Amino acid sequence: MVSTLRIPRLVVAAPSSGSGKTTVATGLMAAFTGRGLTVSPHKAGPDYIDPGYHALATGRPGRNLDAYLCGTELLGPLFAHGAAGADLAVVEGVMGLYDGAAGQGELASTAQLAKALRAPVVLVVDGSSQSRSVAALVHGFASWDPEVRIGGVILNKVGSDRHEELLREALDEAGVDVLGVLRRTPQAATPSRHLGLVPVAEREPDAVAAVAAMAEQVRAGCDLDALWALARSAPPLTGAPWDPAGALAGAGTPPPSGPRPVVAVAGGAAFTFSYAEHAELLTAAGAEVVPFDPLRDEHLPESAGALVIGGGFPEVYAPELSANAALRAEVAALAAAGAPVAAECAGLLYLARELDGAPMCGVLDASARMTERLTLGYRDAVAVGDSVLAPAGTRVSGHEFHRTRLEPGAGTAPAWGVVRPGPPRTEGFVRGGVHASYLHVHWAALPTAASRLVARAVRPGAPV
């Protein structure tokens, strides 16, 4: 069913990483929420961490929009699904405005997303080391692609009143609206670690204070009325919103029947990486989704018949995860019984024999350790054999993001054959009902992963 979505929206972008997109986007989300608006938060690209801050600012799930992982055809439907019932949508961009998947033009760039959503762009510019040159910089970004509408600029890291005056004069000559000016505010800073910002779940009281500081900084330095007017200038979008039940039906998955199996989903501070659509697909496929925290819970959820362990930072909590021997034993027993277990990145490490010398679940005969090398980037892969998530030959687009190394990196039955970039290689493990891999995959592009996992899940009352 085709529908028309009339929702004010903004895309917050920047010339490069480090300009202050997250501070501005999160601050705008919180500031407009504080005005009584229902704000829908979105993030361009595969990043899991920023959406946690967005959720804290708005009280709604932070959702990702990634053309590489999900395909360009799902950008609009996923946006419409996430923005349902909202008064305003704010989309935080990724890297620089025109940066996308390496060597593939505009694919997965913020510019591509802004065009797909027909959304005006607010360009966050680091003004700390320039004055009049800011006009040339902004002019270049505004004229590079005529289909990208730069609606105005927010100047960040401005040093003084005189500095602000010089920047404003230059942009006035260029005919670009200045929608805000922000000074340095240490209270709004968020600490970083080896994979980016520290997730909200690991520092919630401090994160709440940081988001409040971002909101105050934006309220004090930005023209919210002008930004609201810019957001309202976005034209209507047409097309049907993405729907998990519809996605499953479109993939040929029959409606669920019988008792609802319990799918346990790992969470807490060690496992913070997840896409909201995964739980929605599992629910639509007939599962009861029950979260648990491997750092705190000594037992799996009652009647758990399947297990999903996503990404996160198990390396930071290896001693604590190891100390929870009771839960590790239950995870190993469930996997040994043949129940479906889907593990990505952090989940892969948790299923290994050990991580940095600390005993883990021992489901996989592999050992993991931290390294100095960052492995990062999009991947194209194919399922080497049948698994709980996909039949052999299934092609997926995924993302890899870690500083760990697993020995061996693949089992005798690998999870995926990575076909690009670089030379072909195998990766991950398939063993019984276990599918474990470094590769993050967005199930909106592979909805049958949810239905296959639920179909194999042990029903309540059945022997495990």
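In this predicted model, Glu-400 is buried, with a relative accessible area of 5%; that value lies under the 20% limit, so the residue counts as buried rather than partly exposed. Glu-400 belongs to strand β19, which spans residues 395-407. Its side chain has two polar partners to look at in turn. One polar contact, at 2.9 Å, joins the side chain of Glu-400 to the side chain of Arg-379. Another, also listed at 2.9 Å, links the side chain of Glu-400 with that of His-402. Leaving aside residues up to four places away in sequence, Glu-400 touches Thr-375, Leu-376, Gly-377, Arg-379, Arg-425 and Tyr-438.

A second buried site is Thr-58, where the relative accessible area is 13%. Thr-58 sits in helix α2, made up of residues 49-58. A polar atom of the Thr-58 side chain lies 3.2 Å from the backbone nitrogen of Arg-60. With residues up to four places away in sequence again set aside, Thr-58 is in touch with Met-29, Thr-33, Val-39 and Pro-41.

Turning to the packing of helices, the axes of α1 (residues 21-34) and α8 (residues 204-221) come within 7 Å and cross at roughly 85°. This angle falls in the range of 65 to 115 degrees, and α1 and α8 are therefore roughly perpendicular to each other. On the α1 side, the meeting residues are Thr-22, Thr-23, Val-24, Thr-26, Gly-27, Leu-28, Ala-30 and Ala-31, while α8 brings Val-211, Met-214, Ala-215, Gln-217, Val-218 and Arg-219. By character, the residues of this contact of α1 with α8 divide into 8 nonpolar, 5 polar and 1 charged.

Methods
Residues are numbered from 1 along each chain as its sequence is written. This is a predicted model: local features need pLDDT of at least 70, side-chain atom pairs count only at pLDDT 80 or more; totals for chains, interfaces and linings use all residues. Side-chain values use heavy atoms; hydrogens and water are left out. Helices (H or I, at least four residues) and strands (E, at least two) are DSSP runs, numbered from the N terminus. Buried means under 20% relative accessible area, exposed over 50%, partly exposed in between (1.4 Å probe, protein chains only). A polar contact is a pair of N or O atoms within 3.5 Å; within protein, one must be able to donate a hydrogen and the other to accept it, and residues adjacent in sequence count only if both atoms are side-chain atoms. Contact means heavy atoms within 4.5 Å. Axes are lines fitted to C-alpha atoms, for helices over the stretch in contact, and angles run from 0 to 180 degrees between N-to-C directions. Angles under 35 degrees count as roughly parallel, over 145 as roughly antiparallel, 65 to 115 as roughly perpendicular and the rest as oblique. Ala, Val, Leu, Ile, Met, Phe, Trp, Tyr, Cys and Pro count as nonpolar, Asp, Glu, Lys and Arg as charged, and the others, Gly among them, as polar.
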